[in-house]
Amino acid sequence: MSNPINYLRRKPSQLAIAGLLGLSFTLTGCGTQPPKPEPVVKKVAPPEPKVEITPVVPEPVVVAIDPEVERQKAFQEQDWERYLQFSDDLWQESPDQRRAQLESEIWQNLLPLDEMVLQRLEDSVDMRVNAWAYLVRVFRLQGLDFKQGLKNLEVFEQDAIYQAHLLPQLLTQIPSEKSIQKIAVFLPVNSKYGPVAEQIRDGILKAFYQNQNLQQQLQLRFYDSSDETQVSSRYFQAKQEGADVIIGPLRKSAVEQLQGFDDDYIIALNDIGKPTPFPQFSLKSSDKIGQMTNAFVQQRYQNIGIIGSDNAEQGLQATLLINAWNNPPYHTQTQVTYSDEKPRFRQAFDQLLNASNSIERKNVLSRTIGEKLDFYPRTRKDLDAIVVFDSAQRLAVINPQKDLYQLDIPIYSPTKMTGRNLAAMQNNRDLRDVTVLTQPLVLNPDNIGSAFEAFGWDSLMLASHIGSLKQGGCLSNTKTGHLRLQDNKVVQELVWAKFNRQGKLLAYQLPQISEEPTLPNDLETQDDMSDEEQELQMRLRQEMLDNAQRESATP
């Protein structure tokens, strides 16, 4: 370790300097401090004044837009949206007389527009534009749609400018319904069709005398149209005698003679297969197969059974149903036919339900094991409904077969309207739970005894309500079906009815089904077999196995 004295000796100059510095600090802290130098102020140049330059905006040039000029330009360019917009602007600043003129001009210019242009105007977001498009659309409608359209105009287009003059004027131009007071009836009473003509006449008279309003409103006059060469003369005669509507003639050749008359107040009692200026009414105007098919689709049916005789007419109806039913996917059907002359209903029903197959399996087992078996046949479970094409009398024999097998399958039948059918349908317990597609006559006979009488009844209803039918109405107080007009053809819609448990036929409405359809199970699997059948199948297999073992053991 170094000697501190020697260290001090080696640094005299440093000690002297340190002493002087210490003294200096001591004197400074005790003496008067020298004045501080004044701070140097930095000179800052004053800010330059901000000069704002305001652009000189020229005075706006006001250009007056003439709505009349612009609407004419839009008309020339076929710009119908702009045309309607400027027409509306012009209408707002015009006196009342000019407004009426503008509404009429717009209407005349819009009437020839095609559907595509009209649809674009209807889709416009400008309510002034689509209001005009809807007006044109409404006046292109007919019947009940037209009446509903007028109501919509009144409710939803109250601010449209055409409400002021045009629409009230158009409403006054709609022809009022013609008052029917005198009806002429053309029937060939003195020809080979006399018996048919008499039944039609009786039906007309029954409708007339059972309706007090018709008696007070109408006058009937009958004309003999047996001589077809005089049909035109009969027409002019009836018109001169004040006939408002003509019912008839009946034969197609006679109807064709009136085809050239531009008179839509004729109710022809036949369908000639050609367009006519007047309605054509046929006794067979219904589409029972189409109605039945639509009903089955609505019920979500997939597989139906069809049973009927080999009668030509019934066979044709069954074929039509099969063709209609096969169109949509997943629809299947099974058809069984029996002899019309010697019907074997039980055998046909067993065949339809595959009960005969079950019975045959039982017989094979019985013969194989050599024992008599107590057995109840197992029927198929994949049918959604059974349709029977035959008379009501035979339907009453077929229907109880369902109870024999304890089946819960609906049975349908499109009945043919005959006197015997009508009698068989009155309080028949053997028809309980059967659903029929039939004429309203079956539910409300009103002393009508035949199909042609019902035809006559409905022809008078058509003639007395022809104005409502032309406006899209439908007649329900009828006998052959609910009636409406479509393309100058009278369309019959049959009605549904169902026998209750007591066998009384009542009006019926098919239930509304909302479930999704499921694919059918066409094949009978072991799960479909009853316990007895499964046991018999096992015994049969065991018996076959034992026989095979015995044969193999035989030398």
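## Notebook: a walk from S413 outward

I began with S413, whose side chain reaches the backbone oxygen of V388 at 3.0 Å. A reminder to myself: this is a predicted model.

**Entry 1, S413.** I looked up where this serine sits and found it in strand 8 (residues 411–414). Is S413 buried or exposed? Its relative accessible area is 0%, and the cut-off for buried is under 20%, so S413 counts as buried. I then listed its contacts, leaving aside neighbours within four places in sequence: M292, V388, D390, L395, T435, V436 and L437.

**Entry 2, the sheet.** Next I followed strand 8 into its sheet. The sheet is open, has seven strands in the order 6-5-7-8-9-12-13, and its pairing is mixed. Which strands form the edges? I found strand 6 (332–338) and strand 13 (505–507), each of which pairs on one side only. On average, neighbouring strands here are turned by 25° against each other, with direction ignored.

I took a closer look at strand 13. Strand 12 (residues 495–499) pairs with strand 13 in the antiparallel sense, over three bridges. Within strand 13, L505 is the residue that stands opposite F499.

**Entry 3, helices on the sheet.** I checked helix 14 (residues 288–298) and saw that this helix packs on the sheet. The strands that helix 14 touches are strand 5 (303–309), strand 7 (385–389), strand 8, strand 9 (434–438) and strand 12. The direction of helix 14 makes about 160° with that of strand 8. I also noted helix 16 (residues 345–352), which lies across strand 5, strand 6 and strand 7. Helix 16 runs at about 160° to strand 6.

**Entry 4, aromatic rings.** How many aromatic pairs are there? I have 18 in my notes. I picked W80 and Y83 to start: their ring centres are 5.6 Å apart and their planes stand at 85°, so the pair is edge-to-face. Both residues belong to helix 4 (residues 80–92), and because they are three residues apart, about one helical turn separates them. That fits a rule I keep handy: an α-helix has 3.6 residues a turn, so residues three or four places apart point the same way. W80 and Y83 are both buried.

I moved on to F296 and Y301. Their ring centres are 5.4 Å apart with planes at 45°, so I wrote this pair down as tilted. F296 and Y301 are buried too. Ring pairs link these two with W325, Y412 and W496 into a cluster.

**Entry 5, D126.** I then turned to a loop, the one between helix 6 (115–122) and helix 7 (127–138), where D126 is placed. D126 has 15% relative accessibility and therefore counts as buried. Which side chain does the side chain of D126 join in a polar contact? The partner is Q85, at 3.0 Å. Apart from neighbours within four places in sequence, D126 is in contact with E81 and Q85.

**Entry 6, helix 21.** I looked up helix 21 (residues 451–464), which has 14 residues. From first C-alpha to last this helix reaches 20 Å, close to the 20 Å expected at 1.5 Å a residue. Helix 21 is mostly covered, with 13 of its 14 residues buried.

**Entry 7, the whole chain.** To finish, I noted the totals. The protein has 23 helices and 13 strands, and 40% of its 555 residues are buried. Of the contacts between residues at least 6 apart in sequence, 66% join residues at least 24 apart.

Terms used: Residues are numbered from 1 along each chain as its sequence is written. This is a predicted model: local features need pLDDT of at least 70, side-chain atom pairs count only at pLDDT 80 or more; totals for chains, interfaces and linings use all residues. Side-chain values use heavy atoms; hydrogens and water are left out. Helices (H or I, at least four residues) and strands (E, at least two) are DSSP runs, numbered from the N terminus. The expected span of a helix is 1.5 Å times one less than its number of residues. Buried means under 20% relative accessible area, exposed over 50%, partly exposed in between (1.4 Å probe, protein chains only). A polar contact is a pair of N or O atoms within 3.5 Å; within protein, one must be able to donate a hydrogen and the other to accept it, and residues adjacent in sequence count only if both atoms are side-chain atoms. Contact means heavy atoms within 4.5 Å. Two strands pair if DSSP finds at least two bridges between them. Axes are lines fitted to C-alpha atoms, for helices over the stretch in contact, and angles run from 0 to 180 degrees between N-to-C directions. Rings of Phe, Tyr and Trp (its six-membered ring) pair if their centres lie within 6.5 Å; planes under 30 degrees apart count as stacked, over 60 as edge-to-face and the rest as tilted.
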